[in-house]
Amino acid sequence: MFLTIELTINGQKKKLAAKPGQTLLSFLRELGYTGVKEGCGKGECGACTVLVDGQPVNACLYLAVQAQGKEILTIEGLAQQGRLHPLQEAFISESALQCGYCTPGMILTAKALLDKNPRASEEEIAHAIAGNLCRCTGYSKIIKAIKKAGEVMADNVRI
C-alpha cells in the first residue's frame, strides 16, 4: 500500500507515492536525489540533512508523508541556472571538503542559517552546524567557507 503525497522538490511540484513509514531519506534516494547521504541513520551525524520549508531536518528521522505540501530542497537543487550557490563556491575555494560525505548536509544547514543571518559570527556558525559531523576536517575551513559565503550573500542582498 502506498500513500500519495504532493510536495515540491527543488522547485518542482510533484505528486508521488510513498510507503507508510518510509523515511524522507529513503524516499528521496529512490527518486534519484543521491546527494542526500545516509550516515548514522539515527539523526546524529547530519549527513542526510535537507531543508523542509527552509528548515534543516534529518531526513533519516523525517517520514516522507510528513512532507505533504512542503517544499524540500536537496543539494541537487541548490545551484541555479548552471551557477553554483555561494556556499558551494566557498566550500571549493576554501578547500572545506575532503571526502565530501558530510558536505551536502553541511551546506544545506549553513544555507538555512545564512538565509536568516548572512553575517553570522563564527560562534553562530559553529552552533548552527553542531549537528553535522565531519570526520575528515577540523571544521576551521568549513566555518571559514560559510562565513565567506555569508559575506557574498549579504553583499548580494544590498544590490
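This passage describes strand E3 and its partners, the surroundings of Thr 74, and the internal cavity. The model is predicted.

Strand E3 spans residues 49–52. Both of its faces are covered. In a regular strand, side chains alternate between the two faces of the sheet. Here, Thr 49 and Leu 51 lie on one side, and Val 50 and Val 52 lie on the other. All four are buried.

E3 pairs with two strands, E4 and E5. The partner E4 covers residues 55–58. E3 and E4 run antiparallel and are joined by 4 bridges. Within this pairing, Leu 51 stands opposite Pro 56. Val 52 has Gln 55 as its bridge partner in E4. The two strands form a hairpin, with 2 residues between them. Asp 53 sits in that turn and has a positive phi of about 50°.

The pairing of E3 with E5 is also antiparallel. It comprises 2 bridges. Val 52 takes part here too, with Ile 72 as its bridge partner in E5. Val 52 thus has a bridge partner in E4, Gln 55, and another in E5, Ile 72.

E5 covers residues 71–73. The loop that follows leads to helix H2, residues 86–93. Thr 74 is located in this loop. Its relative accessibility is 0%, so Thr 74 counts as buried; the cut-off for that class is under 20%. The side chain of Thr 74 makes a polar contact of 2.7 Å with the side chain of Glu 76. Beyond its neighbours within four places in sequence, Thr 74 is in contact with Asn 10, Leu 28, Tyr 33, Val 36, Val 50 and Leu 108. One of these, Val 50, belongs to E3 and is itself buried. The contact between Thr 74 and Val 50 therefore links the loop after E5 to a residue of E3, both residues being buried.

The structure holds 1 cavity of 30 Å³ or more. The space in the largest cavity is about 30 Å³. Its lining includes Leu 25 and Cys 60. Also in the lining are Glu 38, Gly 39, Cys 40, Gly 41 and Gly 43. Cys 45, Gly 46, Ala 47 and Cys 48 complete the set. By class, the lining residues divide into 6 nonpolar, 4 polar and 1 charged.

How values were computed:
Residues are numbered from 1 along each chain as its sequence is written. This is a predicted model: local features need pLDDT of at least 70, side-chain atom pairs count only at pLDDT 80 or more; totals for chains, interfaces and linings use all residues. Side-chain values use heavy atoms; hydrogens and water are left out. Buried means under 20% relative accessible area, exposed over 50%, partly exposed in between (1.4 Å probe, protein chains only). A polar contact is a pair of N or O atoms within 3.5 Å; within protein, one must be able to donate a hydrogen and the other to accept it, and residues adjacent in sequence count only if both atoms are side-chain atoms. Contact means heavy atoms within 4.5 Å. Two strands pair if DSSP finds at least two bridges between them. On a 1 Å grid over the protein atoms alone, a cavity is a set of points where a 1.4 Å probe fits but cannot get out, and a pocket is an open set with protein on both sides within 12 Å along at least five of seven lines; lining residues have an atom within 4 Å of a point. Grid points are joined across faces, edges and corners, and a volume is the space filled by probe spheres set on the points. Ala, Val, Leu, Ile, Met, Phe, Trp, Tyr, Cys and Pro count as nonpolar, Asp, Glu, Lys and Arg as charged, and the others, Gly among them, as polar.
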